[in-house]
Amino acid sequence: MWKTIKPEELANNSFELIGKDWMLVTAGNKEASNTMTASWGGVGIMWGKPVAFVFIRPQRYTKEFIDKEEKFTLTFFPNEYKKTLGYLGKVSGRDENKIEQSNLTLAYEDGVPYFEEANIVLVCKKLYHQYLEEKCFIGTEEIKRWYPEKDYHMMYVVEIEKVMVK
């Protein structure tokens, strides 16, 4: 059912996948995992490797799982899962077992959690992380609109080690 391809063979438009269709960022292990919906990020080449750029606010519960593990996944779903992705983006795993409530099937690739219902899975290894800093913004529009609480995202640059597609 799953086929492994090279990152450069992924034919999907990343603007559509991330910005319009959304993705789940999932981290943890077989004992405990958490996930969150994200619509910010990107893919490209850095340091001669295929990478993804992922942005997580400091208060997100999933960030704790990302910070503990070396790897995490980005998963993309068919359109019929949009309502589920909306739920997973609104509810915190601190408050309820949202993975169980979502009725998605947690699976593991080399010990890294992902969801069986996805149609694309990126297994990612952390390479670099840094908080966005107010002093680095060129203008103030983004700060006023997106960071009124000064809760700047942590940016992760991750190597895409494996791409699985259905």
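**Cores and cysteines in a predicted model**

C136 sits out in the open: at a relative accessible area of 51%, this cysteine is exposed (exposed means over 50% relative accessible area, buried under 20%, and partly exposed in between, using a 1.4 Å probe and protein chains only). C124 goes the other way and counts as buried, at 0% relative accessibility. The disulfide count is zero, where a disulfide is taken as a pair of cysteine sulfur atoms within 2.5 Å.

A word on the ground rules. The model is predicted, so local features need pLDDT of at least 70 and side-chain atom pairs count only at pLDDT 80 or more, while totals for chains, interfaces and linings use all residues. Residues are numbered from 1 along each chain as its sequence is written, and side-chain values use heavy atoms, with hydrogens and water left out.

Now to the inside. The largest nonpolar core (buried Ala, Val, Leu, Ile, Met, Phe, Trp, Tyr and Cys residues joined through side-chain atoms within 4.5 Å) has 25 residues, and V25, V54, F72, L74, F76 and L122 have the most contacts inside it. Elements that each supply at least two of its residues include α1 (14-20), β5 (49-56) and β9 (120-131); helices (H or I, at least four residues) and strands (E, at least two) are DSSP runs numbered from the N terminus. Strand β10 gives the largest share, six residues.

Beyond its neighbours within four places in sequence, L122 is in contact (heavy atoms within 4.5 Å) with residues including L10, F72, I160 and V163. A second, separate core of 14 residues includes L24, L88, A118 and V123. L88 also belongs to helix α3 (residues 82-90), where T84, L85, G86 and L88 are buried. Among the elements covering the buried residues of α3 are β2, β3 and α4 (98-102).
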